[in-house]
Structures are given as C-alpha cells and as structure tokens.
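I opened this notebook to look at the ligand and at the empty space in the protein. The entries follow the order in which I looked things up.

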Amino acid sequence: MTKKIVQYIMLVAGVVLSASLFVIMGCLYDYFGSIEQTQLENQLGLAARGVEESGMEYLQGLDGTKYRLTWVGPDGAVLYDTQADPGEMENHGNREEIKQAFINAEGKSSRYSATLLEKTLYYAQRLSDGSVLRISVSRATAWMLALGMLQPILIILLAALALSGVLAGRMSRRIVEPLNRLNLDMPLENETYEELAPLLSRIDRQRKQINAQLRELQRKNDEFSQVTQNMTEGLVLLSEKNTVLSINPAAAKLFHTNRDIKGKDFLTIERSREISRAIQTAFADGHSEICVERDGREYQLDISRIESKGVAIGAVLLAFDITEQAFSERNRREFTANVSHELKTPLQSIMGSAELIENGMVKQEDLPRFVNHIRIEAERLVALINDIIRLSQLDEGGELPYEDIDLMEIAKEAAATLQEAAAAKNVTITVTGEASPIHSIRGLLTEIVYNLCDNAVKYNVDGGSVKITVSGRTIAVQDTGIGIPAEHQNRVFERFYRVDKSHSKASGGTGLGLSIVKHAVGYLGGRIELESEPGKGTVIKIIL
Ligand code: ADP
C-alpha cells in the first residue's frame, strides 16, 4: 500500500511539475517576446529619424548584426538592406508589414523560417517621402527555446521528483501507520480514520460470527472425540484420497499405530491387499465388509462410503472384535459335527446287530450277547442325548430356581448313587467335611458333583478310592485313578474331548461330563481347579 501511495504521489508531482514548467515557459516566452517587440519599435523609431535626416548615409553607418534594416522605396523596390545586396533582392511591395505601412503608416508581421526553428519579427514604418523603413529580428521559436533549456528543465524535474519521492515516502508511512496499528481482535476499540468505521464494524460482526461458528465446531468436535475415544470398536475416517482424517484409540491399537497418523495415507499403516481392496470396493459400491485376523483375534471391518451432494468425500471404517462370536460359531459347528458322529456310531452298531438277528445270522446261544450289546448302545445314546439336553439347557441360560441347599447333602447323594458302580470296580467312596449351607441351584450342583464323582470312579483303578471333601463353599473330588497327563489338562473341559477315547466309551462316557461341569460352575459364578498326575490320581476342586 505504501508503495502504491508513493507511486501515485510521484505521478501527480511529475504531471503537475511538467505542466507548470510548460505554462511558465509559455508565459516567459510571451513576456520576453513583447519586450523585444517594444525594443524593435523603439529601434525602428530611432532609425526612421536617422534616415529622415541623413538618408542612405545613416543606414550605411549602421552595424546591422543584431537588427536588420531594410529600406523600401514607394514602388516596393529595396533601396538598402543592412545584410544583403539590394540589387539581388526582389520587390518587397507585397510583404505583409510593408503593405500595411504603405496604407496605415506602420505595419507588423512575423514569419517562420524555412526550418521552423526560427521566427522573424518584422516592423515597418512609412517615412515622409512615402518610402518604408523595415526592421526585423530573428528569435528562436518556443520549441527551440524549450529544447535549449532541456538540460536545466530535466535537472529541475529530477530534483523535484527525488524530493517528492522522499516526501511521498514519509507521507505514505504516516497514512499507513494507523492502519498497521489497527487491532482487529477488538475492531471497535480502534481510534483511526473515521472512513474506516463501517469497515471495522463489519469486521467486528464477522469476527463474532466466526467465533460463534468456531465454538459450535469445537463443541461438535469434542462430542465426536468423546464418543469415539470411549468406543470399543475401532473407527477410522478416511478422505476421498485415502488419507486418515480421524482415528480412535481402539483403531490405533488394532492397526499398531498412534494418532500422529492423521493426514497420512492409510496405506502407510495398513498394507494388507485385502483391506485396500475392500476400501476401493466401498468407494465404488458404497459398502464393503471383510474379516481379518490381528494379534490372535478376529475383527470384522465394515467400510462405508460418505457422500455429500452425490459425490464421495471419504469413507468410514468400523472394526468390530468378533473373536468370541467367531469362536462360538466354530464351536457350534464342531459340536454339531461331533454330535452327529457320536449319535451315528451307536446307531450304526444297533442297526448292524439288529440286521444280523433279523437275517437269522445270529446263533441262538449268541442272541443274549447281541441283545445286550443293543441295550448298551441304546443306553449310551440315551446318556448322550440327556447330556446334550443338559448342555443346551445351560447354553440357553434360562432362569433356574435358587434355594437353600446343604452341599454335604448333595455330596452324599452323589456318593450313594454311584455306590453300585464303584463297588463293581472295587472302588470305595468316602465323604468328609461338615454341613455347608449354600444358596444355589440344586440341579446344577447335583450335576457338577455327580459328574466329577462319576469320572473319579470311571477313571479309577481296581481297589482305588474316591474322596469327596466339603468345606464351606468348596467341594473337592479326589481319586487315586489313572490321572490326566499335563498336556490334556486344559482341554478335558472341551465338548467331546477325551484323553483315551476307548476307555471313555468302554466306561459309558459321552465326552460331555466335564463340559457340563464347566458350564454349570460358570453359571453359578464359581471356578474350577484341577490337579492331576498320571498314575497317581486327580483332584478337581470347585470353589463356588
Ligand atoms: P467322559 O464322558 O469321556 O468321561 P468327560 O467330559 O467327563 O467325558 O471327561 C473328559 C475326559 O477327561 C475323559 O474322557 C477322561 O479322559 C478325562 N477324565 C475326566 N475325569 C478324569 C479323572 N478323574 N481321571 C482321569 N481322567 C479323567
């Protein structure tokens, strides 16, 4: 702005100065012209008197270097000229000033020379004898004068411009200074040019408007951050160029990055081809889904295109941890497959035996053995189906009735139920401890204790023992059986998992007993502790 003001001031100064010089020079030229004219008239008056008195003699005695005198007879013929030979001069009767002098006693005119660089002034006076005396002088034209004065004019002009440049600089700084001092944070509190008042009040209005919008924006941003910060799902906002606009802590953890990634290409943190393909699909089709595995967990990524006025302006990526769902889904599938297999085996066995009997291929004496086999397999089926029903009841997790129970009583009941089976294996069951009242679900407690004791008998050795100990909210079942090798201890609570399949089947196991125990204990909010040593025995403790 300062520069512009200086330029304008210099321009104005230059134009005004040049115009002034031009006018002054014109005036001076006219002024000196009129002085010269008067001098010319005076000189002519003197010369005319001289010629009247002494005629030719007077003219011959003159020095005609400055003024030129020409004496013209009444017929127009040149009688004498101070600078030329009159014989060679043409008739002057028709010269303007001479014509006027013949008529009016005096005349004047001026004429430019052939080159226009000079102008000659003529003044003529009629003498008493009818002849005319003319005086003339040449002077430079105004242009020639100006040309002659070009150097001083230019010096004056440059000096004046330099001076006005300095002054203009100072002036413009003074003009601009109050503008530089304006406090735009408080526009209405400035004391400055009154012409700026409307502009300042407009700035003030707009400033307030912007501040209000900024506050609103900040509020929305805080709200958004609050929500996304605490989300367990990962959230990433991407621009249409795939750069990260926002990433919440859950997503940053999932993609092993931090929040500094903002503004960078998403590919710099996630190089997986399938994810970038899913993002491209979302941009093209509006939505895409993909499952990925990270750090041993499974995630579902939902990517959706964000549009504004029909144009894609970015995408939002949501990551859900579906490990548990995927796990239970897998379990369900495995369970179904296992159940089918477990049901099919005894059924096939029953059908095989029945067909043999039907076709008369079984000897009369073998018949009881076959029938017994059919009964055992059918019992296994019933046991299996009962266990499956119990498990599915536990899975459904419906409301079961709580009541006051004595744990000791439950232990004794289980021991009594298994007494026969234990005796068949020459195993002794003992129950120790005191009465332990507990508010719990009878059916589940019976299930837990029965299954543990059943296993303790089933996987015991001939002449072994089973010890049930009840103490407060803890019940422990200890046996002197075959034990469970360390590598199987974690897995025996899985459905259909058996350490020794043939042993389990031979003793009527379904592979579901311990998973029923695990489920029931989980339902009651308790925990299981297992200690076992192959060849020595097993202790399973339930802490409720
Ligand atoms: P099962 O119907 O086969 O007994 P469980 O779920 O009750 O199924 O037990 C799973 C497996 O754990 C059994 O097959 C067996 O190998 C092992 N097991 C369970 N209890 C004992 C125990 N007291 N002693 C030794 N092994 C056991």
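**Cavity, pocket and ligand**

I began with the largest cavity and noted that α9 (323-358) and α10 (367-396) each supply at least two residues of its lining; helices (H or I, at least four residues) and strands (E, at least two) are DSSP runs, numbered from the N terminus. I should record that this is a predicted model, in which local features need pLDDT of at least 70 and side-chain atom pairs count only at pLDDT 80 or more, while totals for chains, interfaces and linings use all residues. Residues are numbered from 1 along each chain as its sequence is written, and side-chain values use heavy atoms, with hydrogens and water left out.

For the search I worked on a 1 Å grid over the protein atoms alone, where a cavity is a set of points at which a 1.4 Å probe fits but cannot get out, a pocket is an open set with protein on both sides within 12 Å along at least five of seven lines, and lining residues have an atom within 4 Å of a point. One cavity of 30 Å³ or more turned up in the whole structure, and the largest cavity has a volume of about 40 Å³, a volume being the space filled by probe spheres set on grid points that are joined across faces, edges and corners. Its lining consists of Glu 342, Pro 346, Arg 380, Leu 384, Lys 505, Gly 509 and Thr 510.

I turned next to the largest pocket, which holds about 960 Å³ of space. It is lined by 43 residues, and those closest to its centre are Asp 454, Asn 455, Lys 458, Tyr 459 and Gly 509. I found that α12 provides the largest share of this lining, nine residues.

The ligand sits in the largest pocket, by the criterion that more than half of its atoms lie within 2 Å of the grid points. I listed 21 residues around the ligand, the closest being Tyr 459, Ser 504, Thr 510, Gly 511 and Leu 514, where near means a heavy atom within 4 Å. α12 also gives the most to this shell, with three residues.

For polar contacts (pairs of N or O atoms within 3.5 Å), I noted that a polar side-chain atom of Lys 458 lies 3.1 Å from a ligand oxygen atom. A backbone N or O atom of Leu 514 is 2.8 Å from an oxygen atom of the ligand. Taken alone the ligand exposes 530 Å², of which the protein buries 97%, with areas from the Shrake-Rupley method and a 1.4 Å probe.

Technical notes
A polar contact is a pair of N or O atoms within 3.5 Å; within protein, one must be able to donate a hydrogen and the other to accept it, and residues adjacent in sequence count only if both atoms are side-chain atoms.
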